[in-house]
Amino acid sequence: MVVIRGNVSKKVFQHFLLLSVAIFCLSAPSYCASHWECANDLLQVFVKRWQQLYGKDMMVYNVHGLCHLASDVTVFGNLDSFSAFAFENFLGRLKKMLRKPNNTLPQVIAGYLR
């Protein structure tokens with residue numbers, strides 16, 4: 001938050017805060033059951049303002065999917081229990097091991113052996 005504040009417009013920063021607070025509430029096991037409705041409201045506003053800020057052509061499926069995230073938490077539990085966050089972090093580690101686009105498996109194996 002500290003890094004982007006002052007480097008983007010006030011509207012963009014406030015928009016980002018909507019998403020950040022909602023995701024925090026839905027990720028925390030101690031908050032998701034009691035704050036999912038608030039998080040849902042924040043996400044609905046986030047998606048609505050997304051179109052206003054960035055245009056209708058930027059309303060992609062991933063942004064629209066946020067409208068359903070809070071209800072998924074009521075069914076499956078906090079985001080960390082069913083999200084791909086851990087896999088995405090691991091994918092980043094794998095990508096750092098690659099130096100060229102071909103022979104990827106040997107590059108990853110060599111990266112693990114180091």
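UniProt positions are given in the numbering used here, and annotations may be inferred rather than shown by experiment. Keep that in mind as you open this predicted model.

**Stop 1: the annotated start**

Select residues 1-32, where UniProt, in an unreviewed entry, places the feature "signal peptide". Colour this stretch by secondary structure: 69% of it is helix and 0% is strand. Now put a distance between its two end C-alpha atoms, and you should read 22 Å.

**Stop 2: H2 against H4**

Next, show helix H2 (residues 29-54) together with helix H4 (residues 69-76). Two packed helices are described by the angle between their axes and the distance between the axes. For this pair the angle is about 165° and the axes lie 8 Å apart. Angles over 145 degrees count as roughly antiparallel, so H2 and H4 are roughly antiparallel to each other. Their crossing is left-handed.

Which residues in H2 and H4 meet? Turn on side chains for Cys32, Trp36, Asn40 and Leu43 on the H2 side, then for Leu69, Ala70, Val73 and Thr74 on the H4 side. By class, this contact of H2 with H4 holds six nonpolar and two polar residues, with no charged ones.

**Stop 3: H5 against H6**

Move along to helix H5 (85-97) and helix H6 (104-113). How do their axes cross? They come within 8 Å of each other, at roughly 100°. Because 65 to 115 degrees counts as roughly perpendicular, H5 is roughly perpendicular to H6. On H5, pick Phe90, Arg93, Leu94 and Met97; their partners on H6 are Gln107, Val108, Gly111 and Tyr112. The residues of this contact divide into five nonpolar, two polar and one charged.

**Stop 4: the loop between H5 and H6**

Stay here and click on Asn103, in the loop that joins these helices. Check its backbone: phi is positive, at about 55°, although Asn103 is not a glycine. Is Asn103 buried, partly exposed or exposed? With a relative accessible area of 49%, Asn103 is partly exposed; the exposed class takes values over 50%.

**Stop 5: Phe87**

Finish on helix H5, at Phe87. Switch on the surface around this residue: Phe87 is exposed, with a relative accessible area of 64%. For a last distance, pick the C-alpha atoms of Phe87 and Tyr31. These residues are 56 apart along the chain, and their C-alpha atoms are separated by 23 Å.

How values were computed:
Residues numbered from 1 in each chain as written. Predicted model: local features only at pLDDT ≥ 70, side-chain atom pairs only at ≥ 80, totals over all residues. Heavy atoms only, no water. Helix = DSSP H or I, 4+ residues; strand = E, 2+ residues; numbered from the N terminus. Buried < 20%, exposed > 50% of the residue type's maximum accessible area, 1.4 Å probe, protein only. Axes fitted to C-alpha atoms, helices over the stretch in contact; angles between N-to-C directions. Parallel < 35°, antiparallel > 145°, perpendicular 65-115°, else oblique. Left-handed = near helix turned anticlockwise from the far one by under 90°. Contact = heavy atoms within 4.5 Å. Nonpolar A, V, L, I, M, F, W, Y, C, P; charged D, E, K, R; others polar.
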